[in-house]
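Colleague: I would like a close look at one part of this model, with the terms explained as you go.

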Amino acid sequence: VFGAVARELWPEAHLVAVEPRGAEFGNLCRHYNEVYTLRAELLRELVDPAPFDLVVGNPPWRNTWGDLAEVGWEVLVPAGRMLLLGPSSWGHSSEPAERADVFRRHCPAAQWRIHGRVAFRGSGATDNRKCSWWVWHRELAQPSGELQWTVVALPELPVGDRRWKLRPGTE
């Protein structure tokens with residue numbers, strides 16, 4: 001989905017996809033100039049330092065979200081931005097699942113809260129957590145350890161627009 005939207009907005013942009021699931025390779029090739037089917041942390045070995053203006057993703061929350069946040073930060077150009085979809089509660093406590101460690105090292109500039117619950121499954125069933133787009137901007141980076149960011153409540157979308165209508169990548 002991100003590739004299709006990015007290609008529509010920036011038809012001349014050089015888009016790179018990183019996806020850990022090899023089965024998604026064919027779906028991604030239609031919208032991206034380069035597709036890597038590997039774990040995000042391996043991206044460091046493939047690119048020159050800081051080549052990306054923008055990193056956008058919806059990584060798996062349980063095990064790779066923090067890795068992608070770390071690597072995404074490292075590969076951004078000095079004025080680069082990163083947007084990652086994740087639970088709205090992240091960064092608010094010291095529990096390991098809240099990923100406060102990542103937030104302390106690289107505090108986001110903003111949290112764009114999605115009104116209502118998002119359905120990630122084709123059945124329309126919603127996730128049990130509320131979601132936000134977490135936004136980082138290298139030029140607005142705070143000293144390590146600072147935990148302050150701007151919170152923006154996004155406009156409410158109809159329920160039907162907060163769920164996948166097609167399997168992502170097959171649109």
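How much accessible surface does the protein have, and what share of it belongs to carbon and sulfur atoms? After that, please take me through the aromatic cluster.

Modeller: This is a predicted model, in which local features need pLDDT of at least 70 and side-chain atom pairs count only at pLDDT 80 or more, while totals for chains, interfaces and linings use all residues. Residues are numbered from 1 along each chain as its sequence is written, and side-chain values use heavy atoms, leaving out hydrogens and water. The accessible surface is about 9900 Å², with 54% belonging to carbon and sulfur atoms (Shrake-Rupley method, 1.4 Å probe; for residues, only the protein chains shown count as cover).

Turning to the cluster, Phe103, Trp134, Trp136 and Trp149 make it up, and the structure has 4 aromatic pairs (ring centres of Phe, Tyr or Trp, the last by its six-membered ring, within 6.5 Å; planes under 30 degrees apart are stacked, over 60 edge-to-face, the rest tilted). Phe103 and Trp149 form a tilted pair, because their ring centres are 5.5 Å apart and their planes stand at 55°. This pair links distant parts of the chain, since Phe103 sits in helix H4 and Trp149 in the loop between strands E6 (131–137) and E7 (150–153), 46 residues apart (helices of at least four residues, H or I, and strands of at least two, E, are DSSP runs numbered from the N terminus). Phe103 is buried at 0% relative accessible area, and Trp149 is buried at 17% (buried is under 20%, exposed over 50%, partly exposed in between, with a 1.4 Å probe and protein chains only). Trp149 also pairs with Trp134, and that pair is edge-to-face because the centres lie 5.3 Å apart with planes at 80°.
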